[in-house]
Amino acid sequence: MSSTEPAFAPTATVLPKVAPVRVAEGERLRSVRLPGITLSVRSRPAAREGLPPALYVHGLGGSSLNWSALMPLLEDVVDSEALDLPGFGDSPPPDDGDYSVTGHARAVIRYLDASGRGPVHLFGNSLGGAIATRVAAVRPDLVRTLTLVSPALPELRVQRGAVPTALLALPGVAALFTRYTQGWTAEQRVRGVTALCYGDPSRVSPEGFRNAVEEMERRLRLPYFWDAMARSARGIVNAYTLGGQHGLWRQAERVLAPTLLVYGGRDRLVGFRMAQRAARSFRDSRLVTLPDAGHVAMMEYPETVAAAFRDLLAAQAARDTAQSTNAGS
């Protein structure tokens with residue numbers, strides 16, 4: 001480890017007193033202790049019993065809150081849960097300090113195995129999309145369908161907006177950035193993130209902006225915040241360089257689950273040009289492109305994403321019915 005890289009602090013020593021995480025009306029937040037990790041899980045009761053389970057995985061710097069706009073729109077078709085990845089949201093760092101894509105995927109698999117909820121309708125955004133892709137490839141038994149919103153899959157020409165994330169992965173840069181930005185207010189930071197992630201930042205409501213500022217203030221009080229960001233950014237960069245069977249594009253080709261791909265035309269972090277490659281790589285995929293959306297379409301256009309997922313479910317149901325009919329004839 002470089003001497004300029006912040007040392008990993010064990011979970012037991014980094015439990016600061018910070019404001020509680022916001023829980024939207026109708027949601028519930030609970031903590032799940034598993035070997036090596038403790039995960040915060042946000043859930044929303046389904047409209048009725050017996051609905052198939054869904055699990056949502058956020059991106060770099062995000063949390064389970066990123067799915068709060070989408071979950072109520074699907075409560076009549078799935079039983080929703082959203083994870084805070086280790087070191088993000090209300091989940092403390094992992095005991096082993098592993099923030100690689102594989103480490104995060106292992107956390108998701110560990111939760112699904114322990115909860116017995118699989119197979120699930122698995123959703124992922126950005127880094128969460130890369131994680132979900134890896135989970136679906138190595139554990140197809142855990143995934144019914146896969147929905148990826150601007151997944152962070154390797155690109156030869158990285159988007160200009162993604163360069164700071166790549167730089168953050170370099171040893172010592174997180175510490176330098178922390179010192180450089182120490183005078184920035186939480187409001188300034190949120191405006192910057194919103195401008196980067198939304199196709200149209202004006203779509204963020206005043207209430208949504210206030211909530212985001214409060215959450216940013218809470219995160220900045222966490223002593224491991226920048227460490228989790230830097231190590232997870234490094235995990236993305238490392239995953240981009242992997243070849244062979246462990247490469248993310250190779251794993252995308254191995255995914256068996258019906259896959260919904262959602263790409264935004266104004267995405268500054270994941271190239272819109274990657275949409276067609278993704279559609280070719282996932283063997284059973286359908287592609288939805290939103291010209292005006294940015295990097296977080298499930299937050300910016302939740303109704304459109306929900307409708308696309310419902311179409312995926314309807315197509316899968318029709319296919320299952322046709323197969324049953326053919327099998328019985």
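Here a trainee and a mentor talk through a predicted model of one protein chain.

Trainee: What pLDDT does the protein chain average?

Mentor: Start with how the scores spread: 85% of the residues score at least 70. Two stretches fall under 50, namely residues 1-14 and residues 166-177. Where pLDDT is low, the predicted coordinates should not be read in detail. Over the protein chain, the average pLDDT is 86.

Trainee: How many contacts does the model have for residues 166-177 beyond four places in sequence?

Mentor: Be careful here, since pLDDT stays under 50 over that stretch. Low scores mean the coordinates shouldn't be read in detail. With that caution, the model's number for residues 166-177 is 22 contacts.

Trainee: How many helices and how many strands does the protein chain have, and what share of its residues is buried?

Mentor: Walk along the chain and you'll count 11 helices and 8 strands. To be buried, a residue needs under 20% relative accessible area. Of the 329 residues, the share that passes is 52%.

Trainee: Which residues does Val108 contact, leaving aside its neighbours within four places in sequence?

Mentor: Look first at the largest nonpolar core, which has 52 residues. Val108 is one of those with the most contacts inside that core, along with Tyr111, Leu122, Ile131, Leu146 and Phe282. Once you skip the neighbours within four places, the contacts of Val108 are Leu55, Val57, Leu83, Leu85, Ile131 and Val135.

Trainee: How many residues does the other core have, the one with Tyr56 and Phe309?

Mentor: That core lies apart from the largest one. Among its residues you'll also find Val305 and Ala308. Its count is 28 residues.

Trainee: On strand 2, which residues point the other way from Ile37, Leu39, Val41 and Ser43?

Mentor: Strand 2 covers residues 37-44, and 8 of its 8 residues are buried. In a regular strand, side chains alternate between the two faces of the sheet. So with Ile37, Leu39, Val41 and Ser43 on one side, the residues pointing the other way are Thr38, Ser40, Arg42 and Arg44.

Trainee: Which residue of strand 4 stands opposite Ser40?

Mentor: Strand 2 pairs with strand 4 (residues 79-84) in the antiparallel sense, over 5 bridges. Find Ser40 in strand 2, and opposite it in strand 4 is Asp84.

Trainee: Which residue takes a positive phi in the hairpin of strand 1 and strand 2?

Mentor: Those strands pair in the antiparallel sense over 7 bridges, with Arg30 opposite Val41. The hairpin has 2 residues between the strands. The residue with a positive phi, near 85 degrees, is Gly36.

Key: Residues numbered from 1 in each chain as written. Predicted model: local features only at pLDDT ≥ 70, side-chain atom pairs only at ≥ 80, totals over all residues. Heavy atoms only, no water. Core = buried A, V, L, I, M, F, W, Y, C linked by side-chain atoms within 4.5 Å. Buried < 20%, exposed > 50% of the residue type's maximum accessible area, 1.4 Å probe, protein only. Contact = heavy atoms within 4.5 Å. Helix = DSSP H or I, 4+ residues; strand = E, 2+ residues; numbered from the N terminus. pLDDT = per-residue confidence, 0-100. Pairing = 2+ DSSP bridges.
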